[in-house]
Amino acid sequence: MIIAAAPVLSPSAGYVMLVLFGVLWIGLGIWWGRRAKSYDGFAVAGRNVGLALGTATAVATWITSNTTMLAPQFALQWGLWGALGYATASFGLFAFAPMSGRIRKLMPTGYTAVEFIRRRYGMAGTIPFLIISLFYAIIWLITMSMAGGKLLFVLSGIPYEVGMTVVVVVCVLYTLFGGMYAVIGTDFIQSIIILVGLVVVAVAVLMHVDIADVHQELSVERPMLLSVFFPAAIMSLFNNMLFSFGEIFHSNVWWSRAFAMREGVGPKAYALGGLLWLPVPIVAGFLGLAAPALGIGISQPDTVGPLVAATLLGTGGAMLVFVVVFCSLASSIDSLLAATSDLIVNDIVEPVLPGRAGSQAKRRWSAIAIVLLGVLAWSAALTSSGTLAEVLFSAGPLVGSCIWPIVCGLYYRRASPLAAALAMVFGSAVGLTVYFTIGWFVASLVGAAVSGLFFLIGTWISPDDFDFDSLAGTSDELPTEQDEFELAGVEQG
Amino acid sequence: MMFPLWFLQLLVVGGLVLCGIGVLMLIAFLIVDSKDRQIW
Amino acid sequence: MRICHEGKWSCNDWMHFPTLLLTLLLLCQVSPVSGKGPSVDNRPPATAELKFAKTAFERSRAGYVGLEWNTLEAAAEYVVTDQRGQAVYRGTVPIAFVSGLPDGQHTFWVSATDADGEVLAVATEPAILNVQHWPLSLALSLFGVGLLVFLTLVAILFFGARQATQRDRQLAASDAAAGEASE
């Protein structure tokens, strides 16, 4: 059965949708921004986010455009194992659930992951961690911006420069106005849209073919995709899982949410978020696997998802895909902007300046940081040739090396600055070497393993006896009119 | 050795059901949170 | 997550030229179909050639490859067949992504058919791909090492969290006791 490729969205339709959603999102940013007047409001949404929004933000932020566009590609390259392997990235959310509770408990007035590392491990831990954090965050931000331009071009023919600029500008604006409130609020809407969109397209597929047809077609045409023993997929399973553990454990995107959620909400929100995220790569992957059975010729695996939707559902399907992709992009870009600006304000600007910074000053610096990050992402995305995405993959061993310092730092008194520094430095160095000499499929695994080894050695050589209560120390913020807490004396270092 | 058909069916149907439950759950939580004025 | 790296199929290099081509071709589908009736003889000269852009590839370790070939004006569809005679691609875009191939040598031919279903041209040279999956022993060893690291992490997290909860409970209990004692 031959199905001709249905028309993809026309540029004018694309522009209309882009403007519509852009205006809507910016409007929401301005509306919710009324709450984001203080720095606490702006950076951590008043530390009172409930379960609904908490869960939604965990889901939406972890669904990037990669989840919707790459999962079908993974399934087509590495078969069922590819989709399953992708789904194991949800384990990072599950693992972070108890950690989020611990983080909020230990640092009730904290803002960032780097702040934790600074107080826990001092400069020895902070320097490698800050470098890794900034590297990962900025490159991710740039590659997401690039993905935005490319995807809008593929889906609707909107020129790359225009699409990318609009996506970046919209995200910068609503994050600027609404801070964490806007980021989390839009995440709720985005998560619903993405989940519903996926279900609609998958149901449309099932109305055309049986799962049995899909299985049959694959076993004849692409047998390895159904193989239980697909070597490339099996060997990289834990490598990819550890990459995602590293991403979640170290990144301020997730820590800032832990600080934003009301006490007790974090663990539940992250656990549920993981559960809701789990089926997404599987359903998206299924769209890719079903394409052969649907008679859809596969030219480019990463556009299979949209192609299937557009073929089966026509213009409506194309518009749905457009919206889903826009949502998955925006939900990640806004989080990166917000979390990285927090990092810049709290852990680079503030420690350097003399005296304590007031809430309003920090709010202003955050705004400046967001704009600067937006400009950086935009200009890099404009000029980058596309090899930048390769650079991001090298972050696997880097973030993988942060796993032990974070986990052990949160729970074990003996974890010491030396251990953390050795773990991150050697884990990254060896992991990166493996990445460039052997391959990506073991680099994160090696980085994490070597890091663990050196962490153990460092703890053995010079164990610490850390007082966790010292982390609950003080916020460096001057009291605002909303601040009910009295600041205790500030402890430096 | 290939993954059997029933496994693929389990994954797909299970995945779809979980997505659907997820949407309902999120909306339900929002309603509960808004009743207690505890959205954020 | 972004983990697409194998060989040349990394996320972004992928998207450039073929994306442009694909989009242009898809956009052509959008324009109204007119003037393509059989009244005009659009048959290409008999010497129309169909050629793969690349006929030799690096050894594939995961059983997939992207095949590209030139366009033919009169072609309504392209079909790529493998050495079994099985059609592995059928479509209007001159790019085919073939995957899920088992170990062994795979030979691909592409043919172009016109709107009436008649074969216009067949590729002069087939594309040959040698698939040699990673040894299963290596894959399972790496899987095993990964499993070990993963389980260690889970254990550390589990025991750490449990210890912390117990400590918190003890503290809460002793606080409560102290509170009572002071009354």
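This passage walks through a predicted model, chain by chain and contact by contact.

Confidence comes first, since the rest leans on it. For chain A, mean pLDDT sits at 90, with 94% of the residues at 70 or more. Within that chain, the elements run from a lowest mean pLDDT of 76, in helix H15 (residues 388-393) of chain A, up to a highest of 98, in helix H17 (residues 403-411) of chain A. Two stretches of chain A fare worse. Over residues 1-7 of chain A, pLDDT stays under 50, and the model gives this stretch 18 contacts beyond four places in sequence. Residues 475-493 of chain A also stay under 50, here with 21 contacts beyond four places in sequence.

One helix pair in chain A is worth a closer look. Helix H1 (residues 11-32) of chain A and helix H7 (residues 160-208) of chain A have axes that come within 7 Å and cross at roughly 40°. The crossing of H1(A) past H7(A) is left-handed. On the H1(A) side, the contact is made by Leu18(A), Gly22(A), Trp25(A), Ile26(A), Leu28(A), Gly29(A), Ile30(A) and Trp32(A). H7(A) answers with Val166(A), Val170(A), Leu173(A), Tyr174(A), Thr175(A), Phe177(A), Gly178(A), Tyr181(A), Ala182(A), Gly185(A) and Thr186(A). Sorted by type, the residues where H1(A) meets H7(A) come out as 13 nonpolar and six polar, with no charged residue in the set. Glycines turn up on both helices, with Gly22(A) and Gly29(A) from H1(A), and Gly178(A) and Gly185(A) from H7(A).

Moving on to contacts between chains, chain B puts 22 residues in contact with 34 residues of chain A. The chain B side of this contact is made up of 16 nonpolar residues, five polar ones and one charged.

Chain C mixes both kinds of secondary structure, with two helices and seven strands. Along the sequence the order is α-β-β-β-β-β-β-β-α, so to speak a run of strands with a helix at either end. The chain is split into domain 1 (49-133) and domain 2 (135-174). Between the C-alpha centres of domain 1 of chain C and domain 2 of chain C there are 48 Å. Burial in chain C takes in 30% of its 183 residues. As for how the chain contacts itself, 66% of the contacts in chain C with a separation of 6 or more link residues 24 or more positions apart.

Terms used. Residues numbered from 1 in each chain as written. Chains lettered and ligands numbered in written order. Predicted model: local features only at pLDDT ≥ 70, side-chain atom pairs only at ≥ 80, totals over all residues. Axes fitted to C-alpha atoms, helices over the stretch in contact; angles between N-to-C directions. Helix = DSSP H or I, 4+ residues; strand = E, 2+ residues; numbered from the N terminus. Left-handed = near helix turned anticlockwise from the far one by under 90°. Contact = placed C-beta atoms within 7 Å. Nonpolar A, V, L, I, M, F, W, Y, C, P; charged D, E, K, R; others polar. Domains from an automatic or database assignment. Buried ≥ 20, exposed ≤ 12 C-beta atoms within 10 Å, placed from the backbone. pLDDT = per-residue confidence, 0-100.
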